[in-house]
Amino acid sequence: MPDTSYTYINVAVGLPVNDPFTYKIRREKYYSTLIGRRVLISFRNRALIGYVVEDKIKEPVTDTTKIKEISTVIDDQPILPSALLQLTKWVSDYYMCSWGEAIQSALPQYIKTKKKSLGAITIRNSKRKKELEIEPLKEISLNAEQKRSLESIEEALERKGKKQFLLFGITSSGKTEVYIRSIKKALSLGKSAICLFPEIALTKHLQNYFLYHFKDTLAIVHSRLTQQERFIVWREIFEGKKKVVIGPRSALFAPVEKLGLIIIDEEHENTYKQQEVPRYHTRTVAQKRAEGEGALIVYGGATPSLETMRKVKKGDIELLALKKRVGDRPLPIVKIIDMKNEVRKGKIMLVSQYLKGEIENALKGRDGILLFLNRRGFATHITCLACGSVVECQRCKVALTYHQAERSLVCHYCDGRKEPPDHCPACSSSRLKYGGVGTERIESHVARLFPQARIERFDTDRVRKKGEHERILDAFKRGKIDILIGTQMITKGFDFPHVTLVGVINADTVLSLPDFRSTERTFQLLMQVAGRAGRGEREGKVVIQTFSPNHYAIRTAAQHDYESFYNEEIKRRQELNYPPFSDLINIIIRSKDEKQVRSFSVRVKELLEPIVKKWELELMGPAPLPFYHLRGYFRWHIMMKGTLSLAMITEIRSLFQNIKKKKNCQYAFDVEPVNIL
Ligand code: ADP
Ligand code: ZN
Ligand code: ZN
């Protein structure tokens, strides 16, 4: 006899399992729909928060007395709009994680710990910083290119089309101004908007720009908010108080209603790929969300990813070009220095004669100088001159970097630290040589070359202390620092009009990484670095030091020539059938047991063969990963190339569900990986 006093619902949980699970609830407790609400369940003998994803499901055929009852319904309303719930389902299918894991990534962390309804969660003596004071901005009249771009976007918004645009323009071409006005149009049509940036915590001027235009209706999400602060912002969006959201990739899941527009600035950036479960790519999920809610997407950037530009060429994305810098400022002149000619007495020069001369000139003119090197620390490796071995991290088997400021050896993969040895750990010789150049070493070298200059370093080590970041940038802006030496951090969005000289100490650091995207990344990085020079009245100059002066990534970047770079690179991608001509799935298998991981990987490959054949995939591997021994694990991977589909991914997933897990092996799926390290 069916038990009519109960109704059945499906619940997702935030664990790596095959959810959802069926629970029951007494009919008298049942009020309207439960979908999208949190419930308290008993799961594997633990009390757990679950998320109702389906309700009023058919009575299960199994013995229903065995089905557990839900203990509490936490929420008095759904906390996930149905469009977002559907989106998380898709994320879980496509990126191979549980539905609950995908749901949790769409909600603020804080909710996971509170077993109370939203209204009942009070933040005691919330230390919310006082509201930012908004600095007034000048009224801007758009130039012709901006006007044309805006008109296209406005028109598409009015037509309620599900269209995609690429706003292709170098830094300072006025993209943000177009974003702002597009969002205003969306608001005027009763729609909301989400605008994603790689990083906004540090860009006060950007936050001000948006605050000035959107005031109380703007929500700012950034990495420096505490969990409570994030929750407060999320709840305000949820309650409809905020209609415009700016933030990093997680803001894509902001629970705004009537979404009209998604903007993704600098869409090529790696930060748009989440490196933990769910390993989603923001571009792909944004497309899905836009499709589901009838929204428009605008991608923006100076160096679009090959994926996005190919879609432009195929006509799937409409191109809107901003070719001029605001105020018609010329692009900086770029000089490439072949470092092979800068070897003196067998010793490589860190700063070429040419760059040295340019630094002297800029110092005389009291101009700002940026020196860029993509490596932290003082020496990037310590080699024993007696036996040739390199001092490595025990857990990761990669060379340790010597950091002078803290007098320790640091592993850049697991952040482990140890004291620099006096003797070689392998042969006890004391003849240790500190080699390789990091930002610290450049700092002390440049200080010796220019004893009169005021020099500061700007990398994650240097700005670890709270407030340092802002202090250094502010001092540089006010001309209290002459030379700023930094890593990638100095390339991001900063606008220093007084910088006339940018020096790239070694353009080859990224080029040599074992990744098919390293060329593209080098090009993007150089373009971005070069964009820092000459943003003010005076002309800018960029000096690129390299051992591969004829490499097309370096040559085309020096000529600010995206088109030529694209044409060259896209040919290579096609030859090797790499993205954008295919999609990738990377399966990472790791174990502390070196033998097991190898044999398990080989077996997985064999089991994948029927799927590979059926879907015409190309399988590479199994092979040890470039960083084979990381954080104590031995790591292999299997990469598959082809055209992705949900059906195919589902097959791979169910295959793994049937593979008997080897005790000591763990695996992870990375769909659409952005780096293979
Ligand atoms: P991007 O986002 O392309 O780097 P922004 O939109 O931030 O460029 O514009 C750079 C600077 O130029 C900003 O200070 C902005 O206020 C200003 N600006 C933008 N458009 C115009 C314009 N049409 N006329 C004058 N100044 C402009
Ligand atoms: Zn030795
Ligand atoms: Zn390590």
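Here are three short exercises on how domain 2 and domain 3 meet in this predicted model.

Residues are numbered from 1 along each chain as written, and side-chain values use heavy atoms, without hydrogens or water. Local features need pLDDT of at least 70 and side-chain atom pairs pLDDT 80 or more, while totals for interfaces use all residues.

**Exercise 1.** Locate the two domains and describe their contact.

*Solution.* Start with the bounds, which come from an automatic or database assignment: domain 2 covers 144–327, and domain 3 joins 329–375 with 437–568. Next, take their C-alpha centres, which are 29 Å apart. Counting contacts (heavy atoms within 4.5 Å) then gives 23 residues from domain 2 and 24 from domain 3. Finally, the pair buries about 2100 Å², with 48% on carbon and sulfur atoms; this is the accessible area (1.4 Å probe) lost on putting the two parts together, summed over both.

**Exercise 2.** How many salt bridges link domain 2 and domain 3?

*Solution.* Look for a side-chain nitrogen of Lys or Arg within 4 Å of a carboxyl oxygen of Asp or Glu. The search between these domains returns 3 salt bridges. For a worked pair, try K313 and E563, whose side chains form a salt bridge at 2.7 Å, N to O.

**Exercise 3.** Which helix gives the most to the side of domain 2 that touches domain 3?

*Solution.* Helices here are DSSP runs (H or I, at least four residues), numbered from the N terminus. Two of them, α6 (204–214) and α9 (306–314), each supply at least two residues to that side. Of the elements there, α9 gives the most, with 5 residues.

Key: Chains lettered and ligands numbered in written order.
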